[in-house]
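Let's take a walk through a protein model together. Keep the picture open beside you and follow along as we go.

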Amino acid sequence: ISRDIAQEIESLGGSSRGFSDRAALIDALKADLRPGDQVFLKGSHGFGLEEVAEAIAPGIAGLKRGES
């Protein structure tokens, strides 16, 4: 399913990347995020996206904690 989603995003002019671990994802987001960017995190609790959100939160204006 994720491959299909990535292909659809790219067909609409967007880009996508996959990450096998949190550290790589966090590093990439911190390097790539710019003021005004919006981030949608969707995945299993087992991957620990809460940790990703907390790690990038200082760089995201308007973060609303507790929203899912």
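Before we start, one term: a salt bridge is a side-chain nitrogen of Lys or Arg within 4 Å of a carboxyl oxygen of Asp or Glu. We'll use it right away, and bear in mind that what you're looking at is a predicted model.

Try finding aspartate 32 and arginine 17. Their side chains meet in a salt bridge, with N and O 2.4 Å apart. This pair links distant parts of the chain: aspartate 32 sits in helix H2, while arginine 17 belongs to the loop between helix H1 (2-11) and H2, 15 residues apart. Are these two buried or exposed? Aspartate 32 counts as partly exposed, at 40% relative accessibility. Arginine 17 is exposed, and its relative accessible area is 57%.

The structure holds 2 salt bridges, so let's look at the pair formed by arginine 22 and glutamate 51, where the closest N and O atoms are 3.2 Å apart. Arginine 22 lies in helix H2 and glutamate 51 in helix H3, so this bridge ties together parts that are 29 residues apart in sequence. Arginine 22 is partly exposed, with a relative accessible area of 29%, and glutamate 51 is partly exposed too, at 44%. As a general rule, side chains of opposite charge can pair when their charged atoms come close.

Now zoom out a bit. How many helices and strands does the chain have? The count comes to 3 helices and 0 strands, so from the N terminus on the elements simply run α-α-α. The chain has 68 residues, and 16% of them count as buried. Its accessible surface comes to about 5600 Å², and 52% of that belongs to carbon and sulfur atoms. If you take the contacts between residues at least 6 apart in sequence, 45% of them join residues at least 24 apart.

Next, follow helix H2 (22-32). At its start, a side-chain oxygen of aspartate 21 reaches to within 3.2 Å of the backbone nitrogen of alanine 23. Further along, Leu25, Ile26, Ala28 and Leu29 are buried in H2. Seen down the axis, these buried residues fall within an arc of 165 degrees, so they line one face of the helix. Turn H2 around, and the face away from its buried side carries the exposed residues Asp27 and Lys30.

What covers the buried residues of H2? The cover includes H3. In helix H3 (residues 49-56), Leu49, Val52 and Ile56 are buried. They sit on the same side of H3 because they cover an arc of only 50 degrees around its axis. The buried residues of H3, in turn, pack against H2.

Put those two helices together and you arrive at the largest nonpolar core, which has 7 residues in all: Leu25, Ile26, Leu29, Leu33, Leu49, Val52 and Ile56. H2 and H3 are the elements that give two or more residues to this core. In soluble globular proteins, nonpolar side chains tend to be buried together. For a close-up, pick leucine 25: leaving out residues up to four places away in sequence, leucine 25 touches Phe19, Phe47, Leu49 and Val52.

Note on methods. Residues numbered from 1 in each chain as written. Predicted model: local features only at pLDDT ≥ 70, side-chain atom pairs only at ≥ 80, totals over all residues. Heavy atoms only, no water. Buried < 20%, exposed > 50% of the residue type's maximum accessible area, 1.4 Å probe, protein only. Helix = DSSP H or I, 4+ residues; strand = E, 2+ residues; numbered from the N terminus. Arc of directions from axis to C-beta. Contact = heavy atoms within 4.5 Å. Areas by Shrake-Rupley, 256 points an atom, 1.4 Å probe, with all protein chains shown as cover. Core = buried A, V, L, I, M, F, W, Y, C linked by side-chain atoms within 4.5 Å. Polar contact = N/O pair within 3.5 Å; in protein donor to acceptor, adjacent residues only side chain to side chain.
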